[in-house]
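Morning, everyone. I have one structure to go through today, and I will keep it short. Please look at the screen.

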Amino acid sequence: MTKDKIYIIGNWKSNKNRQEVKDWFAFIATQDFSKAMPENLTIVVCPPFTYLSLSRVLIAEGKLTLNLGGQDVSPFKEGAYTGEVSASMIKEYADFCIIGHSERRKNFAENDDLLAEKVKRAKETGLKIIFCVQDENTFVPPGVDIIAYEPIWAIGSGKPDTPENANKVIGAIKQRHQAKVVIYGGSVSPDNILSFVSMEHIDGVLPGGASLDPVKFAQMISQCKK
Ligand code: PEP
């Protein structure tokens, strides 16, 4: 694998308890890449908000070369917004943030206007934004750092897009949105990761289910090492 830069961004969604988080990082710490990540790889883990603090401590204790991300962000700066987690709160623990995941659009009715506000809040604090889209026609607010092409039907279905089609859509996204970094998400696994990241336009992947298992996550990293 010779690509200059590959992003692997694990989205844990609403999974794991405290002990499972500890076990996940303990396994990753046994891997040779964990303390000296090859230069071509940027690895981001996105745990639920309640585990960001613990994850940060475990990364520091283990001197692990992993980045952290939030799975969402509040559209509000701070104040009387019960239940919301603001960008500045996330930035205390993480450098990245997913915005516009299809599960948020579907289950929480997040629309383009709301997502644009979320992007603004994340941008103000310096969080790097991973913005999820369906295809090149999805609205992308200005200022996002990474776009993730995630067709709904491929998420959690075990039926990924073909690498060829993902490459085509990502090429179109790059052209339409002048985007430098665009990744693919949807049933990515150790078995298919190389077929995606070896494509010309695909700069990385966003695995959900396969990121929960540290063995699979480590296998995906190992395969992409230069
Ligand atoms: C995701 O969480 O965005 C995702 C693509 O999940 P999965 O890899 O399980 O399809």
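Start with the ligand: 14 residues surround it, and the closest are Lys-13, His-101, Gly-156, Ser-187 and Gly-208. Keep in mind that this is a predicted model.

What kinds of residues make up the shell around the ligand? Four are nonpolar, eight are polar and two are charged.

Now for some distances. Three of the residues I just named, Gly-156, Ser-187 and Gly-208, come up again here. A polar backbone atom of Gly-156 is 2.6 Å from an oxygen atom of the ligand. For Ser-187, a polar backbone atom and an oxygen atom of the ligand are 2.8 Å apart. With Gly-208, the distance from a backbone N or O atom to an oxygen atom of the ligand is 2.8 Å. Note that on the protein side each of these is a backbone atom.

How much of the ligand does the protein bury? On its own, the ligand exposes 290 Å², and 96% of that is buried by the protein. As for where the ligand sits, the place is the second largest pocket.

Let me step back to the whole protein. Its secondary structure consists of nine helices and eight strands. The radius of gyration is 16 Å, and the globule rule gives 17 Å for 226 residues; the two values are close, so the protein is as compact as a globular protein of that length. If you want the dimensions, the C-alpha trace spans about 45 × 40 × 30 Å along its principal axes.

That is my part. Questions, please.

Key. Residues numbered from 1 in each chain as written. Predicted model: local features only at pLDDT ≥ 70, side-chain atom pairs only at ≥ 80, totals over all residues. Heavy atoms only, no water. Near = heavy atom within 4 Å. Polar contact = N/O pair within 3.5 Å; in protein donor to acceptor, adjacent residues only side chain to side chain. Areas by Shrake-Rupley, 256 points an atom, 1.4 Å probe, with all protein chains shown as cover. 1 Å grid on protein atoms, 1.4 Å probe; cavity = no way out; pocket = protein on both sides within 12 Å on 5 of 7 lines; lining within 4 Å. Sits in = over half its atoms within 2 Å of the grid points. Nonpolar A, V, L, I, M, F, W, Y, C, P; charged D, E, K, R; others polar. Helix = DSSP H or I, 4+ residues; strand = E, 2+ residues; numbered from the N terminus. Rg over C-alpha atoms; globule rule 2.2 N^0.38 Å.
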